[in-house]
Structure formats: structure tokens, C-alpha cells
Amino acid sequence: MQARPQRLFFTGAHGLLYRTLIGQTNSPDDRDRVCTWLEIGLPMHFEMTMQGDAGRAEPGDGRAQNLWAAQAMTFDVDLARMLNEPMFGGYYLTDDSRTQANWAVASMFAHWLMQADNVPATRERFLAYVRVALGDRRGNSTTAWDSAMKQRITEFGAPFREWLQKTMTR
């Protein structure tokens, strides 16, 4: 079995977000980031779900979801705070448990929102939010979230935490 590259789909999806929606930014500057949780969460959704033979990847069930869910639950899940978490202070501190939890929350929240069987349905609304958040550069706007998702971000907290609890035990 040939070793696979680490974070291949994360890197690829991250690059696609910048080339198609976000455009040019001053990456080392937190103030120039558009929506940090989406920059981490959506590409990690693809990193978790893309699988198959090298060169023939297909989406599948998320790998290691129980571990990611357990990591996400190590701190209180505050989705409203997540919308404004800074890139370097929130997602790129070295060897820090809070950083790992932030990655897990962002990744699992994006993964949950992309589920086809959510009731009420979230995938199409989430993708509409992605276009507004990144393409229109309204990433940390709770109004943009509320408008695209048809619910306040705080209303997603309880069902998301319930899903994380169930996912941890699989």
C-alpha cells in the first residue's frame, strides 16, 4: 500500500476556495481573513470524506468522525464565537488543546451542515452561506448567517452538540 499525502484534500479544497471565491488576501494578516472557520472547516470536511484509490477519490463516510467529535467536545461549543475566531490566535497556535478543539469544531460543524439527511435540511442553505460568506466577504456577519441559513447561529448549537454526542460513540 502506497503512502498517501497528508492533508491533500484539505490543501486542494483550501486552494479552490481562494481561487474561486475569496481571491487575493494578505494571508499573514488576521484582519484580511474572510471567514476563518470556513477556511478550516469546509476543506477538512473534504479531507475527512474523500477516499478511494489514489487518483480515483470519491466522497464517502467521514473517517475518524468519533475522534473529531470527541475533540470538538473538549471545550464548550460556542458557534457564535466561532464565527469571529481569528485565524492565527484560534487555529494556528502550536500544540495547543484549544487550537485542536477549534479545528475539530469547525471541521465537524461544516461536516454536519453538509449532511444530506439533516432535518431540517442544511446542505443547500450552507452552500448559499459559503457563497455569501466568502464570495461577498461577509464571513463573520451573523446577519449573513441568519439570512442564508434561515435560523440564528445560536439555534444550531443544541442539535449540533447532540449530533456530536452521537458521533462520539460510533
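The exercises below work through a helix, some single residues and the open and closed spaces of this structure.

The model is predicted, so local features are taken only where pLDDT is at least 70 and side-chain atom pairs only at pLDDT 80 or more, while totals for chains, interfaces and linings use all residues. Residues are numbered from 1 along each chain as its sequence is written, and side-chain values use heavy atoms, with hydrogens and water left out.

**Exercise 1. Describe helix α8, its buried residues and its two ends.**

Step 1. Helices are DSSP runs of H or I with at least four residues, numbered from the N terminus, and α8 covers residues 142-149.

Step 2. With buried meaning under 20% relative accessible area, exposed over 50% and partly exposed in between (1.4 Å probe, protein chains only), the buried residues of α8 are Ala144, Trp145, Ala148 and Met149. Seen down the axis of α8, these buried residues fall within an arc of 105°, taken from the directions from the helix axis to the C-beta atoms, so they line one face of the helix.

Step 3. The buried residues of α8 pack against α2 (36-49), α6 and α7 (123-135), where contact means heavy atoms within 4.5 Å.

Step 4. At the N-terminal end, serine 141 caps α8, with a side-chain oxygen 3.3 Å from the backbone nitrogen of threonine 143. After α8 comes lysine 150, whose phi is positive, near 65°.

**Exercise 2. Find the backbone features that depart from the general pattern.**

Step 1. Most residues other than glycine have a negative phi, and most peptide bonds are trans.

Step 2. Lysine 150, in the loop between α8 and α9, has a positive phi of about 65° although it is not a glycine, and at 57% relative accessibility it counts as exposed.

Step 3. Arginine 137 lies in the loop between α7 and α8 and has a positive phi of about 60°, again without being a glycine; its relative accessible area of 39% makes it partly exposed.

Step 4. The peptide bond from valine 119 to proline 120 is cis, with omega near -5°, and proline 120 is found in the loop between α6 and α7.

**Exercise 3. Is threonine 49 buried or exposed, and what does it touch?**

Step 1. Threonine 49 is found in helix α2, and with a relative accessible area of 4% it is buried.

Step 2. Leaving aside neighbours within four places in sequence, threonine 49 is in contact with Glu58, Pro59, Gly60, Asp61, Gly62, Arg63 and His111.

**Exercise 4. Describe the largest cavity and the largest pocket.**

Step 1. On a 1 Å grid over the protein atoms alone, a cavity is a set of points where a 1.4 Å probe fits but cannot get out, whereas a pocket is an open set with protein on both sides within 12 Å along at least five of seven lines; lining residues have an atom within 4 Å of a point. Grid points are joined across faces, edges and corners, and a volume is the space filled by probe spheres set on the points.

Step 2. The whole structure holds 1 cavity of 30 Å³ or more, and the largest cavity has about 70 Å³ of space. Its lining has 13 residues, of which Arg81, Arg98, Ala101, Asn102 and Val105 lie nearest the centre, and α6 supplies the largest share, 4 residues.

Step 3. The largest pocket has a volume of about 510 Å³ and a lining of 27 residues, with Trp112, Gln115, Ala116, Asp117 and Asn118 nearest its centre. Helix α9 gives the most to this lining, with 4 residues.

Key. Polar contact = N/O pair within 3.5 Å; in protein donor to acceptor, adjacent residues only side chain to side chain.
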